[in-house]
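The exercises below are meant for a reader who is meeting this structure for the first time. Each one sets a task and then works through a solution step by step.

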Amino acid sequence: MTAQPQRPAFGTVLASHMSVASFEGGRWGNAEIKPVAPIEISPAAHVLHYSSTCFEGFKAFRRADGSVHVFRMDRHIKRMRQSARQLVLPEPDPEQLAGMVRAVISRCRDAVPEAPGALYLRPILFGTTANIGAAATPAVDALLTVLASPVWDYFAGGMKPLRILVDDVNTRSAAQMGMVKTGGNYAAALGPTLSARAKYQVDQVLFCPGGEVQETGAANFLLIRDGKLLTRALDSTFLHGVTRDSLLTLARDSGYEVSERIFTVKEMLEWVQTGEAALSGTAAVLAGVGTLIYHGAEHRVAGGEVGPLTRALRAQLIAIQQGEMPDRHGWLERV
Ligand SMILES: *Cc1c(COP(=O)(O)O)cnc(C)c1O
């Protein structure tokens, strides 16, 4: 047997082409496919001073027959428009953006890895108006770019149960910005996450301001046990994950009682005495939590392993994405 080749880390490789459209004079110009290359913007560009930027992330999958299928693109485009609206950036036209994504997939078709790999699509939108006195003025010009990145099995080295610090002091973002996929939120979560890493050797921080469980720096948080699933109800404080929505749908389909409501750290710690906990997002799909650290005490989750319910839910969603199980909800579009 030959050893598995070492694959590049998630996000470190870009496919050859990108699609670019600019918003000027109150309208979107035509999108263009170009080789990936540096983009020139003014050093006074709005985004560089006032963080007028948002992004999306989703995947397209190659099947054994060579066809490529993109997962829930409509939901990601809708979310990007919502992010743009919240940041007072020009909203991408949904048809145009979908066309840009399809064009990038078509142009980079040969770069779509085989399952369990995927082509990760990354649209970005940012304000380009050159004006360093625009702190209280929106950008009137913007650039929309769709990048693509081949990604391989996120858990190539095996599914390692996560160590998570439960933080009931810091907030990940301003309360009204949690639902916006914008760079500033990640910059804000980085400091607390790096200091938690150094102090407790954790993978992520679970933000629970005021003792209410929200999410980690880049993934939603789910509690799972036999026949029951609990997660925070949608509100402006956290990102409305498409993976979260897909997993909740599959759980309901298989008879789970799904509760979406506010819950506290105390309730979570009771739950994990017998249940499982997991993080959801496009990159890893569903990642099991093995340890929660709260006020210096370590709480084992699912015996410190990735639990069987977490594994089963993850496998089910991946099977649908890869075309191995029927797509009952119309989540995939052939490109
Ligand atoms: C992108 C993201 C998620 C996951 O969203 P998906 O649509 O499932 O990929 C969760 N939380 C944050 C903060 C995110 O940025």
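**Exercise 1.** Which residues does Leu 125 touch, not counting residues up to four places away in sequence?

*Solution.* Bear in mind from the start that this is a predicted model. With residues up to four places away in sequence left out, Leu 125 touches Trp 28, Ser 52, Thr 53, Cys 54, Met 80, Ala 84, Leu 89, Pro 90, Pro 92, Ala 142, Leu 143 and Leu 144. The next step is to place Leu 125 in its setting: along with Val 101, Ile 105, Leu 119 and Leu 121, Leu 125 is one of the residues with the most contacts inside the largest nonpolar core, which has 35 residues.

**Exercise 2.** Find which elements supply this core, and state where the core lies with respect to the domains.

*Solution.* At least two residues of this core come from each of strand 1 (17-24), strand 5 (58-62), strand 6 (68-71), helix 2, helix 3 (94-107), strand 7 and strand 8 (142-151). Helix 3 gives the most, with six residues. Because domain 1 (17-151) and domain 2 (162-321) both give residues to this core, the core lies between them. There is also a second, separate core of 25 residues, and Val 213, Leu 223, Leu 292 and Tyr 294 are included in it.

**Exercise 3.** Describe how the two domains are placed and how many residues each brings to their contact.

*Solution.* The domain assignment divides the chain into domain 1 (17-151) and domain 2 (162-321), and their C-alpha centres lie 27 Å apart. The contact takes 19 residues from domain 1 and 18 residues from domain 2.

**Exercise 4.** Describe the largest pocket, going from its volume to its lining.

*Solution.* The volume of the largest pocket is about 1100 Å³. Its lining is made up of 41 residues, and Tyr 154, Gln 204, Ala 218, Ala 219 and Ala 283 lie nearest the centre. Sorted by class, the lining has 19 nonpolar, 14 polar and eight charged residues. Helix 4 gives the most to this lining, with six residues, while domain 1 (17-151) and domain 2 (162-321) each provide at least three residues.

**Exercise 5.** Is Thr 249 buried or exposed?

*Solution.* Thr 249 is found in helix 5. Its relative accessibility is 16%, and since buried means under 20%, Thr 249 counts as buried. Apart from neighbours within four places in sequence, Thr 249 is in contact with His 329 and Trp 331.

Terms used:
Residues are numbered from 1 along each chain as its sequence is written. This is a predicted model: local features need pLDDT of at least 70, side-chain atom pairs count only at pLDDT 80 or more; totals for chains, interfaces and linings use all residues. Side-chain values use heavy atoms; hydrogens and water are left out. On a 1 Å grid over the protein atoms alone, a cavity is a set of points where a 1.4 Å probe fits but cannot get out, and a pocket is an open set with protein on both sides within 12 Å along at least five of seven lines; lining residues have an atom within 4 Å of a point. Grid points are joined across faces, edges and corners, and a volume is the space filled by probe spheres set on the points. Helices (H or I, at least four residues) and strands (E, at least two) are DSSP runs, numbered from the N terminus. Ala, Val, Leu, Ile, Met, Phe, Trp, Tyr, Cys and Pro count as nonpolar, Asp, Glu, Lys and Arg as charged, and the others, Gly among them, as polar. Domain bounds come from an automatic or database domain assignment. A nonpolar core is a set of buried Ala, Val, Leu, Ile, Met, Phe, Trp, Tyr and Cys residues joined through side-chain atoms within 4.5 Å. Buried means under 20% relative accessible area, exposed over 50%, partly exposed in between (1.4 Å probe, protein chains only). Contact means heavy atoms within 4.5 Å.
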